[in-house]
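Hello,

Here is the structure for you to look over. My notes on what was found in it follow below.

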Amino acid sequence: MSSNKALVPEAKEALNKFKMEAANEVGVNLKEGYNGDLTSKQAGSVGGQMVKKMIESYEQGMK
């Protein structure tokens with residue numbers, strides 16, 4: 001059983017766009033579809049950038 005299901009399937013396209021933007025900001029080349037050839041460092045930097053941007057967005061909303 002996969003726990004990797006989106007809670008809101010309609011958000012998939014927006015999340016993919018967000019992921020591509022974050023990857024571009026940290027200099028990681030993502031392809032559409034499979035990206036299993038990325039190093040752990042590259043994948044982590046993309047995920048970290050996404051979290052950073054989400055926190056910044058949340059903090060802006062609190063002001």
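**Salt bridges and the rest**

Glutamate 25 and lysine 53 join through their side chains in a salt bridge, at 2.8 Å from N to O. This pair ties together distant parts of the chain, since glutamate 25 belongs to helix H1 and lysine 53 to helix H2, 28 residues apart. Glutamate 25 is partly exposed at 45% relative accessibility, and lysine 53 is also partly exposed, with a relative accessible area of 23%. Please keep in mind that this is a predicted model.

In total, the count comes to three salt bridges. As general background, side chains of opposite charge can pair when their charged atoms come close.

The next bridge lies within helix H1. Glutamate 21 pairs with lysine 17, and their closest N and O atoms are 3.9 Å apart. The cut-off for a salt bridge is a nitrogen within 4 Å of a carboxyl oxygen, so this pair is counted. The two residues are four apart in helix H1 (residues 12–25), which means that about one helical turn separates glutamate 21 from lysine 17. Glutamate 21 is partly exposed, its relative accessible area being 35%, while lysine 17 is exposed at 55%.

The remaining bridge is formed by aspartate 37 and lysine 31, with 3.1 Å between the closest N and O atoms. Aspartate 37 counts as exposed, at 55% relative accessibility. Lysine 31 is partly exposed, with a relative accessible area of 40%.

Turning to charge over the chain, there are 9 positive and 8 negative side chains. The centres of these two sets lie 4 Å apart.

**Overall form**

The chain has two helices and zero strands. Its C-alpha trace spans about 40 × 30 × 20 Å along the principal axes. Of the 63 residues in the chain, 14% are buried. The accessible surface is about 5,500 Å², and carbon and sulfur atoms account for 55% of that surface.

**Nonpolar core**

Which residues make up the largest nonpolar core? There are seven in all: Phe18, Ala22, Ala23, Val28, Leu30, Val46 and Met50. H1 and H2 are the elements that give two or more residues to this core. H1 gives the most, with three residues. The two helices that share the glutamate 25 to lysine 53 salt bridge, H1 and H2, are thus also named as contributors to the core.

One distance involves a core residue. Phenylalanine 18, which is part of the core, is 27 residues from serine 45 in sequence and 14 Å from serine 45 in space, C-alpha to C-alpha. Serine 45 is found in helix H2 and is partly exposed, with a relative accessible area of 28%.

**Nonpolar patch on the surface**

Val51, Met54 and Ile55 make a nonpolar surface patch of about 270 Å². Isoleucine 55 lies in helix H2, which covers residues 40–62. Is isoleucine 55 buried, exposed or partly exposed? Isoleucine 55 is partly exposed, because its relative accessible area of 46% falls between the 20% limit for buried and the 50% limit for exposed.

**In short**

Helix H1 and helix H2 are linked by the salt bridge between glutamate 25 and lysine 53, and both give residues to the largest nonpolar core. The surface patch is made by Val51, Met54 and Ile55.

Regards

Key
Residues are numbered from 1 along each chain as its sequence is written. This is a predicted model: local features need pLDDT of at least 70, side-chain atom pairs count only at pLDDT 80 or more; totals for chains, interfaces and linings use all residues. Side-chain values use heavy atoms; hydrogens and water are left out. Buried means under 20% relative accessible area, exposed over 50%, partly exposed in between (1.4 Å probe, protein chains only). Accessible areas come from the Shrake-Rupley method with a 1.4 Å probe; for residues, only the protein chains shown count as cover. Lys and Arg count as positive and Asp and Glu as negative; His and the chain ends are not counted. The place of a charge is taken as NZ of Lys, CZ of Arg, CG of Asp or CD of Glu. Patches are made of residues with over 30% relative accessible area and no salt bridge: like charges are joined within 9 Å, nonpolar side chains (Val, Leu, Ile, Met, Phe, Trp, Tyr) within 5 Å. A nonpolar core is a set of buried Ala, Val, Leu, Ile, Met, Phe, Trp, Tyr and Cys residues joined through side-chain atoms within 4.5 Å.
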